[in-house]
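Trainee: I have a new structure on my screen and would love to walk through it with you. Could we take it one question at a time?

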Amino acid sequence: MTRYWSEGGGVVPARRPGRVLLLVTTQSYRAGAFVEAAQRLGAPLTVGSERPQALAGFNPDGHLTLDFSAPEVAVEVIRRFAARRPLAAILAADDEGVLTAALAARALGLPHHPPEAVAAARDKYRMRRALAAAGIPTPRFHRFALDADPLALAREVEFPCVLKPLGLAASRGVIRADDPEQFAAAFRRVAALLGRPEVARPGDELARHLLVESYLPGVEVAVEGLVTGGVPRVLAVFDKPDPLEGPFFEETIYVTPSRLPAAARAAVEGRAAAGVAALGLSDGPVHAELRHHAGEAHLLEIAPRSIGGLCSRVLRFGEGRSLEEVILGAALGLESGGLERERAAAGVMMIPIPRAGTLAGVRGVEAARAVAGIEDVRITIPVGDELVPLPEGARYLGFIFARGGAPEQVEAALREAHRWLEFDIQPGPGAAPGVRADAGAERRW
Ligand SMILES: Nc1ncnc2c1ncn2[C@@H]1O[C@H](COP(=O)(O)OP(=O)(O)O)[C@@H](O)[C@H]1O
Ligand SMILES: [Mg+2]
């Protein structure tokens, strides 16, 4: 039985959900899934994004223009809107809007992670300090000003180490260094990235420093969770079966359920829950990343949002609900159906950009889709666009989705589908000098 209000679905409308304000960037991959979820729950939806929507005139309550880089101003706009159109839930789909969502939710008395917790989770240095203060084992970490001399700083750090921006995501600008020379080169590379106006606004506090951490060995997992009234629940644990050893940390395959032994999984889940409590995240989705090594789980980070990109499409709960339905349902205080993920194994591959250039063509998509277990292949960068690989790039070529009986099958299907894909990348605006056209052989399967 459907537990939610549904228009004309024959379900007794116990209570029509109130209005949801969804904060989402204009380029977000995440908007569609949340919009669909609101429709399925029967909740009226207003989308808040940084640019006016072309069709907003048809439904003046359907869109709010908000500047996420000025959260206090955005909160005032939301407050005025809510006086006219009461809001039952405010939720951000991506990192950019999550502080605004937290502040607005507090102003309106709606459940959400508190702004202080969100601010700590959005700044990797503050996060490390909060986790360490709560007694959670943490790698050694230092925050350095970007205008410092990296060769002098290199004397203070242990090798191997990882340099990273404080406020970016998707491994952008995250670089491993094994010695002082690599450290200095990585430092300059991160500084150059953060100096670009399209990456960080001038005056952005988070773009004046970088974080250096000792390198944590181990296998990496991601935990998708939902916190309600301070109680965290695990929705899914993903293995990341490709080695992530640097110097760049390109995410590729995510497969759930995790194949970690039960004790290791328990350690991972326990540590993620401790991190949630340490940061004070109380109401809303969380996406945590951890490494497991020598019997212990270490937290890499916890983001106060759900999984990024199109990855959530592999998750289904209870009677087939999407991750976004689960999150929205919880934010609206609706009676929740089961939060058990389906029994099937599922996985997604974020298709990495093998080298810089211009995407001239893609072949093999149909063949990749035809691989047993593959549900879909989506190429998300249009032909003609510039391709920028890590550590500077921020996009994937696309996503491959698979489902199957066991995680091994899902992983094998994703790898096989990826082998069918051929990307014609021409030297172009993004091509770094000296990168050969056949450098695609380096692409990790
Ligand atoms: N201290 C570390 N030790 C080992 N690997 C790390 C460390 N920090 C980050 N990484 C690797 O880099 C990836 C991205 O770093 P993370 O801190 O999660 O930043 P982002 O917000 O870009 O995802 C991680 O998923 C992990 O593979
Ligand atoms: Mg991360």
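Trainee: How many bridges join strand 15 to strand 17, and which way do the two strands run?

Mentor: Good place to begin, and keep in mind that this is a predicted model. Strand 15 covers residues 357-363 and strand 17 covers residues 386-387. In this pairing, Gly-357 stands opposite Leu-387 of strand 17. The strands run antiparallel, and the number of bridges joining them is 2.

Trainee: Which residue of strand 19 stands opposite Leu-359?

Mentor: Strand 15 also pairs with strand 19, residues 422-426, in the antiparallel sense. That pairing extends over 5 bridges. Opposite Leu-359, in strand 19, you will find Ile-425.

Trainee: Now the open sheet of 4 strands: which are its edge strands?

Mentor: Start with the strand order, which is 3-2-1-4, with parallel pairing. An edge strand pairs on one side only. Neighbouring strands here are turned by 20° against each other on average, direction ignored. The edges are strand 3 (63-65) and strand 4 (87-92).

Trainee: What is the bridge partner of Ser-49 in strand 3?

Mentor: Look at strand 2, residues 45-49, which runs parallel to strand 3. The two are joined by 3 bridges. For Ser-49, the partner in strand 3 is Thr-65.

Trainee: Are helix 2 and helix 3 parallel or oblique to each other?

Mentor: Two packed helices are described by the angle and the distance between their axes. For helix 2 (residues 71-84) and helix 3 (residues 95-108), the axes come within 9 Å and cross at roughly 45°. Angles under 35 degrees would count as roughly parallel, and those from 65 to 115 as roughly perpendicular. The crossing angle therefore makes helix 2, relative to helix 3, oblique.

Trainee: How many residues of the contact between helix 2 and helix 3 are nonpolar?

Mentor: Helix 2 contributes Pro-71, Ala-74, Val-75, Ile-78, Arg-79 and Ala-82. From helix 3 come Leu-99, Thr-100, Leu-103, Ala-104, Ala-107 and Leu-108. Of the residues in this contact, 1 is polar and 1 is charged, and the number of nonpolar ones is 10.

Trainee: Stepping back, how compact is the chain for its 445 residues?

Mentor: The chain has 11 helices and 19 strands. Its radius of gyration is 22 Å, close to the 22 Å that the globule rule gives for 445 residues, so the chain is as compact as a globular protein of that length.

Technical notes:
Residues are numbered from 1 along each chain as its sequence is written. Chains are lettered from A and ligands numbered from 1 in the order in which they are written. This is a predicted model: local features need pLDDT of at least 70, side-chain atom pairs count only at pLDDT 80 or more; totals for chains, interfaces and linings use all residues. Axes are lines fitted to C-alpha atoms, for helices over the stretch in contact, and angles run from 0 to 180 degrees between N-to-C directions. Angles under 35 degrees count as roughly parallel, over 145 as roughly antiparallel, 65 to 115 as roughly perpendicular and the rest as oblique. Two residues are in contact if their C-beta atoms, placed from the backbone, lie within 7 Å. Ala, Val, Leu, Ile, Met, Phe, Trp, Tyr, Cys and Pro count as nonpolar, Asp, Glu, Lys and Arg as charged, and the others, Gly among them, as polar. Two strands pair if DSSP finds at least two bridges between them. The radius of gyration is taken over C-alpha atoms; the globule rule is 2.2 Å times the number of residues to the power 0.38.
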